[in-house]
Amino acid sequence: MKLIIAVVQDQDQNVLSSAFFEANIRATKLSSTGGFLRSGNTTFIIGIEEDRVDEVLNIIQNSCQAREQFVSSTMNIDVSFDVATSYPVKVEVGGATVFVLPIDQFIQF
Ligand code: 2BA
């Protein structure tokens with residue numbers, strides 16, 4: 001059995017939840033925050049048999065899009081470095097950041 005952890009954008013989480021439901025894949029959704037953009041995203045944790053890992057990865061890939069977002073960055077605009085202003089920097093986020101881990105034991109009491 002494997003544990004899949006997938007960090008996805010909030011905009012994709014409904015589509016992904018529905019796709020998991022339709023494929024009879026059990027998942028837990030957690031609200032999370034990206035350390036860089038400091039904005040909300042969604043983390044799915046999925047325990048799955050090894051022979052279904054590729055199926056889960058395909059569903060994630062097909063449900064999550066890459067998007068451009070702007071983050072504010074600060075720069076000094078005069079030679080004496082007294083005046084600072086912020087300017088937008090474009091970053092591409094997603095589709096999804098996925099980790100696949102081994103599971104030692106899967107127990108349900
Ligand atoms: P954030 O940390 O908010 O990062 C959002 C996007 O900002 C990233 O998209 C990447 O394009 C950019 N970014 C992140 N750190 C950067 C840095 N130090 N310098 C320049 N640009 C940077 P993604 O790579 O698609 O990541 C989306 C979200 O997935 C991340 O949100 C974070 O919540 C999670 N994530 C990504 N890599 C991770 C990792 N190695 N471990 C844990 N979580 C990760």
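Let's start with Ala-66, which counts as partly exposed, at 43% relative accessibility. Keep in mind that everything I show today comes from a predicted model. Ala-66 sits in the loop between H2 and S4. What does Ala-66 touch, if we leave aside its neighbours within four places in sequence? The list is Gln-9, Glu-92, Val-93, Gly-94 and Gly-95. And here's a distance to try on your own screen: from Ala-66 to Glu-49 you go 17 residues in sequence, and 28 Å in space from C-alpha to C-alpha.

Right next to that loop in the sequence comes strand S4, residues 67-76, with Arg-67 in it. That brings me to charges. Side chains of opposite charge can pair when their charged atoms come close. How many salt bridges does a search of the whole structure find? It finds 3.

Take Arg-67 first. Its side chain meets the side chain of Asp-12 in a salt bridge, at 2.8 Å from N to O. Arg-67 is in S4 while Asp-12 is in the loop between S1 and H1, so this pair ties together parts that are 55 residues apart in sequence. Is Asp-12 buried or exposed? Buried, because its relative accessible area is 2% and the cut-off for buried is under 20%.

Next, Glu-68 and Lys-90. Their side chains also meet in a salt bridge, here at 3.8 Å, N to O. This pair links distant parts of the chain too: Glu-68 belongs to strand S4, Lys-90 belongs to strand S5, which covers residues 84-93, and they are 22 residues apart.

Then there's Glu-55 with Arg-52, where the closest N and O atoms are 2.8 Å apart. Both partners are partly exposed: Glu-55 has 31% relative accessibility, and Arg-52 has 21%.

Okay, let's go inside. The largest nonpolar core has 14 residues. Which of them have the most contacts inside the core? Those are Leu-16, Phe-20, Ile-46, Val-56 and Ile-60. Four elements each supply at least two residues of this core: strand S1 (2-9), H1, S3 and helix H2 (53-63). H2 gives the most, with 4 residues.

Click on Ile-46 for a moment. Not counting residues up to four places away in sequence, Ile-46 touches Lys-2, Leu-3, Ile-4, Phe-20, Ile-25, Arg-26, Ala-27 and Val-56. You'll recognise Phe-20 and Val-56 there, since both were on the list of residues with the most contacts inside the core.

Phe-20 has another story. The structure holds 1 aromatic pair, and Phe-20 forms that pair with Phe-44. The two rings are edge-to-face, 5.7 Å centre to centre, with 70° between the planes. Where do the partners come from? Phe-20 is in helix H1, residues 13-22, and Phe-44 is in strand S3, residues 40-48, so to speak a link across 24 residues. Both rings belong to buried residues: Phe-20 is at 2% relative accessibility, and Phe-44 is at 1%.

While we're among the helices, look at Ser-63, which is found in helix H2. Ser-63 counts as buried, at 10% relative accessibility. Apart from its neighbours within four places in sequence, Ser-63 is in contact with Asp-12, Val-15, Leu-16 and Ala-19. Yes, that's the Asp-12 from the salt bridge with Arg-67.

Another serine, Ser-32, lies in strand S2, residues 28-33. Its side chain makes a polar contact with the side chain of Asn-41, at 2.6 Å. The Ser-32 side chain makes a polar contact with the side chain of Thr-43 as well, at 2.8 Å. Setting aside neighbours within four places in sequence, the contacts of Ser-32 are Ser-39, Gly-40, Asn-41, Thr-42 and Thr-43.

Asn-41 takes us to the last stop, the ligand. Which residues surround the ligand? Val-7, Gly-34, Gly-35, Phe-36, Leu-37, Asn-41, Glu-92, Val-93, Gly-94, Thr-97 and Phe-99. Now zoom in on the backbone. A polar backbone atom of Phe-36 is 2.9 Å from an oxygen atom of the ligand. For Leu-37, a backbone N or O atom lies 2.8 Å from a ligand oxygen. For Glu-92, a backbone N or O atom lies 2.7 Å from an oxygen atom of the ligand. And we've come back round to where we began: Glu-92, Val-93 and Gly-94 are among the contacts of Ala-66.

Technical notes. Residues are numbered from 1 along each chain as its sequence is written. This is a predicted model: local features need pLDDT of at least 70, side-chain atom pairs count only at pLDDT 80 or more; totals for chains, interfaces and linings use all residues. Side-chain values use heavy atoms; hydrogens and water are left out. Rings of Phe, Tyr and Trp (its six-membered ring) pair if their centres lie within 6.5 Å; planes under 30 degrees apart count as stacked, over 60 as edge-to-face and the rest as tilted. Buried means under 20% relative accessible area, exposed over 50%, partly exposed in between (1.4 Å probe, protein chains only). A nonpolar core is a set of buried Ala, Val, Leu, Ile, Met, Phe, Trp, Tyr and Cys residues joined through side-chain atoms within 4.5 Å. Contact means heavy atoms within 4.5 Å. A salt bridge is a side-chain nitrogen of Lys or Arg within 4 Å of a carboxyl oxygen of Asp or Glu. A residue is near a molecule or strand if one of its heavy atoms lies within 4 Å of it. A polar contact is a pair of N or O atoms within 3.5 Å; within protein, one must be able to donate a hydrogen and the other to accept it, and residues adjacent in sequence count only if both atoms are side-chain atoms.
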